[in-house]
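Reader: I would like a close look at one part of this protein, starting from a single cysteine. Please work outward from there and tell me what surrounds it.

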Amino acid sequence: MATGYAPVKTAVIGCGSISGVYIRSLSQLFSIIDLTALCNRTRSKAEEKAARYGVGRVMTLDEIAADPEIELAVNLTPPETHYEVIRQMLEAGKHVFTEKILTANLEQSRELTELAETRGLLLGAAPDTVLGAGVQTARKALDAGLIGRVTSCQVCINRNQSLNAEIFQMLRGSGGSLPYDVGVYYVGALLALLGPVAAVRAFGAPSPFHEPELLWTAGDGEGFRIPGSGLISASLRFESGVLASVLFDGSTVNAQQHVFTIFGSEGILKLGDPNTFNGPVTLVRPESGACVLPFTHGYDGQSLPEADGFGGEGGHRGVGAAELAWALRRGRRSARCGGMYGLHCQEVLFGMEEAARTGGTYEPRSRFVMEPLPSGFYSSIFGGMRGDAERSLMD
C-alpha cells in the first residue's frame, strides 16, 4: 500500500511460541512496519526465527535501546518480565506494544502508562483481537442499534489450565491463570464493545495444586500451583449501566464451551471466540430467528499461511502494533489498543480477584476510549489478493 509515510522501524523482543505469527504479520502484512531486528534471551532462538522469516538483525535489549533508528519495540516476553522490558524501552525513548497483560502487577502497569504519557510515547497492549473482523462487526451492529438498547451480557470460558501449564511453562508464573491468560480476551472484547467498567463483584477460588502423579509431561517430576484464581464468577456494571455475568473456569477440562452473548431491548447478539479474529456474529431478532452477519471489516485472521501453530483464525496478531504505528505517523495521541485500554483490562481482572477476596465491590480507577475502526475495508479482495484492510488502521 503506497501511502507516503515512512515505515516505523520495529524490533520484536521475545521469540517464544507466539512470536512466529507476530513476526510473520509484522514483516509481511503491514506497510507501516519495517521489522528490522529480533531479540531473545537465548540468542539462538532469535537467530532461528530471523533466518526463517528473513529479518535482518539479531540484537540484545541494550542494543535495541541504544539504536536511534528503532522507534517501536514489540514485547512478546512472559508477563513476569514485562515491567523491566517495557520500562527500559520507554526510558530509551521507544514506543512499545506488548502482548497481554501489561505487567504482572497492577501498580507497575499504572506506573508504565504514566511514564509513557509523561514522555510523550505511545504504549499499547494486547489483546488486539478486538480489532478483528468479528468484534468490529459486532461493534458496528451495536452502534447501528440492531439489538436496540444493550441491557446485559454473559461470557464464559473453560479450560484445564494446569494441564496447559505443563506444555506452556510460562503459565506457571504470575499472569498464567485462566482469567489473565484467556479471560482477558473476553474482558477486552466486552470493553471494546461496551466501554469502561464502573464496578465489580465476584466470588473465586485459587488454582488447584497440580499433583505430581497427574503430570503427563515426561521428565517434569514436580507438581505446581498457578498463582492467582483458577475460578472466577463475577458481575460487572459498566458505566453505561449494562450488567455482565462473567465465568472463567480453569479447573475443568480442555473442551472449551465459550459463551459470549449480548442482550438488548430489541434483539440478541452472539459472538464467537474472542481469542480469534473471525468469530461469527449472530443476530437474533423476534419472529425472524437467527442470522449470521457478514463481516463489515477486515482482519479475519485468514490472509497468510499458518505460522508456528498460531495461523488461521489467529493469523492477524500484531494488528494492534500496526495500528499503533499508524497512530504515531498520523499524529494521534493514542492507539486504539493503547495503554489505558490495557490497564483497564488488567484492572477489571484484578478487581474480580480483589472483590472475591474481600467480599466487597471493586471500582476501577482507570478509564479508556476506543473508537471503532472504519468499516468497508477487507483483508483479501480481487480473487484472494491482499486487500485494503490496512487503510482502516490509519485514522
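Author: Start with Cys345. This residue is buried, with a relative accessible area of 2%. The model is a predicted one.

What is the closest cysteine sulfur to that of Cys345? It belongs to Cys337, and the distance is 8.2 Å. That is too far for a bond. A disulfide needs two cysteine sulfur atoms within 2.5 Å, so this pair does not qualify.

Cys15 gives a similar reading. Its sulfur has its closest cysteine sulfur in Cys39, 7.4 Å away. Again, that is too far for a bond. Cys15 is buried too, at 1% relative accessibility. A search of the whole structure finds zero disulfides.

Now to helix α10. This helix covers residues 339-358. One of its residues is Phe350. The ring of Phe350 pairs with the ring of Tyr362. The geometry is edge-to-face. The centres are 5.6 Å apart, and the planes stand at 75 degrees to each other. An angle over 60 degrees is what counts as edge-to-face.

What does this pair tie together? Phe350 is in the helix, while Tyr362 sits in the loop between α10 and β15 (380-381), so the contact joins parts that are twelve residues apart in sequence. The two partners differ in exposure. Phe350 is partly exposed, at 28% relative accessible area. Tyr362 counts as buried, at 15%.

The search of the whole structure finds six aromatic pairs. Elsewhere, ring pairs link Tyr186, Phe248 and Phe260 into a cluster. Another ring has a charge for company: the charged end of Arg172 sits over the ring of Phe224, 4.2 Å from its centre.

Helix α10 also has a part in a pocket. The second largest pocket has a volume of about 460 Å³. Two elements give two or more residues to its lining: α5 (106-119) and α10. Which of the elements gives the most? That is α5, with four residues.

In total, 21 residues line this pocket. Those nearest its centre are Glu117, Leu122, Arg333, Ser334 and Met340. By type, the lining divides into ten nonpolar, six polar and five charged residues.

To recap the part you asked about: Cys345 is buried, and its sulfur is too far from that of Cys337 for a bond. Helix α10 holds Phe350, which pairs with Tyr362 in the loop between α10 and β15. The helix also gives two or more residues to the lining of the second largest pocket.

Notes
Residues are numbered from 1 along each chain as its sequence is written. This is a predicted model: local features need pLDDT of at least 70, side-chain atom pairs count only at pLDDT 80 or more; totals for chains, interfaces and linings use all residues. Side-chain values use heavy atoms; hydrogens and water are left out. Rings of Phe, Tyr and Trp (its six-membered ring) pair if their centres lie within 6.5 Å; planes under 30 degrees apart count as stacked, over 60 as edge-to-face and the rest as tilted. Buried means under 20% relative accessible area, exposed over 50%, partly exposed in between (1.4 Å probe, protein chains only). A charge sits over a ring if NZ of Lys or CZ of Arg is within 6 Å of the ring centre and within 35 degrees of the ring normal. On a 1 Å grid over the protein atoms alone, a cavity is a set of points where a 1.4 Å probe fits but cannot get out, and a pocket is an open set with protein on both sides within 12 Å along at least five of seven lines; lining residues have an atom within 4 Å of a point. Grid points are joined across faces, edges and corners, and a volume is the space filled by probe spheres set on the points. Ala, Val, Leu, Ile, Met, Phe, Trp, Tyr, Cys and Pro count as nonpolar, Asp, Glu, Lys and Arg as charged, and the others, Gly among them, as polar.
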